[in-house]
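Me: I would like to learn how to read a fold from its overall layout down to a single side chain. Could you take me through the model shown here?

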Amino acid sequence: MTGQSYAAMRGNHACIRYPDFDAAVEWWRNTFGFRLGAEFKGSDGLRMCYMHPPGDDRTMIQICGDGQFIPEPLPNMDGDWVAVGEAFRHLGPNHYCFDVDDTEAAVELARARGVRIVGGPVLYDQLNTKIAFWVDPWG
């Protein structure tokens, strides 16, 4: 990481889990004019997509939906991390994604600063990108 900081970190997307994928996509489309970007499936078949606001291809929200879900929001992660796929079953906000120039270096810097890494870094083949998950001090 340049100068051992996160100066090059950029926002990428926020992820929200819905019980009905198609209804959520239509709501964002009809309510705010969001446009459908990449559509893909998780390893367990969970439908996902990125949606962009009108006139902005950089900003994204990730919609996840269908399949089995847990009606409560994602719980505090004070214990051991559950599988990433399990976390996607909880309704509501799930994660916020940042782009960094070097995922491994960003993870090592976070660890050095006392951040608990709960997944990755790992290559996510469907999007050809490396991902890692961490939790803040509150879980």
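Reply: In this predicted model, the chain has three helices and seven strands, and along the sequence these elements follow the pattern β-α-β-β-β-α-β-α-β-β.

Me: What share of the residues of the chain counts as buried?

Reply: Of the 139 residues, 33% count as buried, while the accessible surface of the chain comes to about 8100 Å², with 56% of that area belonging to carbon and sulfur atoms.

Me: How do strands β2 and β3 run with respect to each other, parallel or antiparallel?

Reply: Strand β2, residues 35-41, and β3 run antiparallel and are joined by five bridges; one of the pairings sets Lys-41 against Arg-47 in β3. Five residues lie between the strands of this hairpin, in which Gly-45 takes a positive phi near 90 degrees.

Me: How should I read side chains along such a strand, and is His-52 buried or exposed?

Reply: In a regular strand the side chains alternate between the two faces of the sheet. His-52 is found in strand β3, which covers residues 47-52, and it counts as buried because its relative accessibility of 12% falls under the 20% cut-off.

Me: Which residues is His-52 in contact with, leaving aside its neighbours within four places in sequence?

Reply: With those neighbours set aside, His-52 is in contact with Gly-33, Phe-34, Arg-35 and Gly-37, and also with Asp-57, Arg-58, Thr-59 and Met-60. For Thr-59, the backbone oxygen lies 3.1 Å from a polar atom of the His-52 side chain.

Notes
Residues are numbered from 1 along each chain as its sequence is written. This is a predicted model: local features need pLDDT of at least 70, side-chain atom pairs count only at pLDDT 80 or more; totals for chains, interfaces and linings use all residues. Side-chain values use heavy atoms; hydrogens and water are left out. Helices (H or I, at least four residues) and strands (E, at least two) are DSSP runs, numbered from the N terminus. Buried means under 20% relative accessible area, exposed over 50%, partly exposed in between (1.4 Å probe, protein chains only). A polar contact is a pair of N or O atoms within 3.5 Å; within protein, one must be able to donate a hydrogen and the other to accept it, and residues adjacent in sequence count only if both atoms are side-chain atoms. Contact means heavy atoms within 4.5 Å. Two strands pair if DSSP finds at least two bridges between them. Accessible areas come from the Shrake-Rupley method with a 1.4 Å probe; for residues, only the protein chains shown count as cover.
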